[in-house]
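User: I've got a structure to go through and would like to talk over how it is put together. Can you take my questions one by one?

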Amino acid sequence: MTQPARDLEAARSARDLYGVELRRQRQITGLSLDRLSDIVNYSKTHLHGVETGERLPLPPISEKLDVAFGTGALFQGLWGAVKREYTPRRFDHCLELEAQAVRIQAFGASLIPGLLQTPAYMRALFEEGERGRACKEIDGLVAARLSRQEVLRGDGSPGCWWVLSEAALRLAVGGPAVMREQLAALLPLVNTRRTTIQIAPFALGAGSLTSGTLILLTLPDSSTPLYQEGAGYGEIFDDRETVTRRMGDFDYMKACAFSPRESAALIQSVLESYEPCESPWT
């Protein structure tokens, strides 16, 4: 039996506002949770959780709700507000630019970049780096980051080029099973019409990009602002001097990194090195 809906306060959070509006639209149209579940192809349990504020709406449910209720982009807009509640404020502008970009280039010094992360890898990062957070909060962080990957889908998706440090492959986030799944997810994207992945090997040495994350975002007007992040900071730059210097650094990394074919071979090799481990306590 479905539990009674808890009281939501639309002014308290975007998450509550989403639930309030979902319930309101469902009541206006006279749809039961069972019927709405059939229409949008999401479980009744998930819909009830969203409506009561206990769960975050999993993408792309917002688009499906707008179609089901004829609400234009209402729920898509509300989802944008919900995501911002689970995103560091310094990263907000980068997300806005990322959604507009026609080309995305990024360097990952020690971690797999967000657009390439599997849900299990994301969760492990948040659990290991955000100790003390409730499971529901981590669910929200994972859902918000996972929604970024929507920009990679569809005919209008941007061209993407990633250079990853070898360290990102070997830092065992979440353990062997998580890393095997994560590295396996990289392989189909190494060399496609719209995606390229190269690995910068340890032998390349320390460079100007090895201390953090760099994201270059080419917009429809051909401008290329960048987001640079390190320990405890993150900032957007769009001045010509900084952008030109960092584009040169990234081009140098591309030139020195392994080719896509060599990169795929290294990814496969590291993947195979992550053998399941037995607990030392058994």
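User: What percentage of the 282 residues of the protein count as buried?
Analyst: Keep in mind that this is a predicted model. A residue goes in the buried bin when its relative accessible area is under 20%. Across the 282 residues, the share that counts as buried is 46%.

User: And how many helices and strands does the secondary structure come to?
Analyst: Both kinds of element turn up here. The tally for the protein is 12 helices and 6 strands.

User: Of the contacts with a separation of 6 or more, what share comes from residues 24 or more positions apart?
Analyst: Take the contacts in the protein with a separation of 6 or more as the pool. Within that pool, the residues 24 or more positions apart account for 69%.

User: Which residues have the most contacts inside the largest nonpolar core?
Analyst: That core has 33 residues. One of its well-connected members, Leu164, touches Gly108, Ile112, Pro113, Leu186, Ile197, Gln198, Ile199 and Ala200, leaving out residues up to four places away in sequence. Apart from this core lies another of 19 residues, with Ala14, Tyr18, Val40 and Ala143 among them. As for the largest core, the residues with the most contacts inside it are Ile112, Trp162, Leu164, Leu169, Leu183, Leu186 and Ile197.

User: Leu116 sits in a loop; is it buried or exposed?
Analyst: The loop in question runs between strand S1 (103-108) and helix H7 (119-129). Setting aside neighbours within four places in sequence, Leu116 is in contact with Gln149, Trp162, Gln182, Leu186, Leu189 and Ile197. Its relative accessibility is 5%, so Leu116 counts as buried.

User: How far apart are the C-alpha atoms of Leu116 and Arg148?
Analyst: Along the chain, these two are 32 residues apart. In space, their C-alpha atoms are separated by 9.9 Å.

User: Which residue forms a salt bridge with Arg148?
Analyst: Arg148 is buried, with a relative accessible area of 12%. Its partner is buried too, at 2%, and the closest N and O atoms of the pair are 2.7 Å apart. The partner lies in helix H6 (residues 92-100) and Arg148 in helix H8 (residues 135-148), so the bridge ties together parts that are 50 residues apart in sequence. That partner is Glu98.

User: What separates Arg24 and Glu21 along helix H1?
Analyst: These two form a salt bridge, with the closest N and O atoms 2.7 Å apart. Arg24 counts as partly exposed at 42% relative accessibility, whereas Glu21 is buried at 11%. Because they are 3 residues apart in helix H1, what separates them is about one helical turn.

User: Which residue does Asp34 meet in a salt bridge?
Analyst: The N to O distance for this pair is 3.6 Å. Asp34 lies in helix H2 (residues 33-40) and its partner in helix H3 (residues 44-51), so the pair ties together parts that are 10 residues apart in sequence. Asp34 counts as partly exposed at 43% relative accessibility, and the partner counts as partly exposed at 30%. The partner is Lys44.

User: How many salt bridges and how many disulfides does a search of the whole structure find?
Analyst: A disulfide would need two cysteine sulfur atoms within 2.5 Å. Cys160 counts as buried at 3% relative accessibility, and Cys256 counts as partly exposed at 29%. The search of the whole structure finds 9 salt bridges and 0 disulfides.

User: Where is Gln25 found, and which residues is it in contact with?
Analyst: Gln25 is found in helix H1 (residues 14-29). With 8% relative accessibility, Gln25 counts as buried. Leaving aside neighbours within four places in sequence, its contacts are Phe69, Thr71, Leu74 and Phe75.

User: What arc do the buried residues of H12 cover around the axis?
Analyst: Helix H12 (residues 260-273) has 14 residues, which should span 20 Å at 1.5 Å a residue, and its end C-alpha atoms are indeed 20 Å apart. Its buried residues include Ser263, Leu266, Ile267, Val270 and Leu271. They lie on the same side of H12, because the arc they cover is only 140°.

User: Which elements help cover those buried residues of H12?
Analyst: The cover includes two helices and a strand. They are helix H9 (166-170), helix H10 (176-186) and strand S3 (195-200).

How values were computed
Residues are numbered from 1 along each chain as its sequence is written. This is a predicted model: local features need pLDDT of at least 70, side-chain atom pairs count only at pLDDT 80 or more; totals for chains, interfaces and linings use all residues. Side-chain values use heavy atoms; hydrogens and water are left out. Helices (H or I, at least four residues) and strands (E, at least two) are DSSP runs, numbered from the N terminus. The expected span of a helix is 1.5 Å times one less than its number of residues. Buried means under 20% relative accessible area, exposed over 50%, partly exposed in between (1.4 Å probe, protein chains only). The arc is that of the directions from the helix axis to the C-beta atoms. Contact means heavy atoms within 4.5 Å. A nonpolar core is a set of buried Ala, Val, Leu, Ile, Met, Phe, Trp, Tyr and Cys residues joined through side-chain atoms within 4.5 Å. A salt bridge is a side-chain nitrogen of Lys or Arg within 4 Å of a carboxyl oxygen of Asp or Glu.
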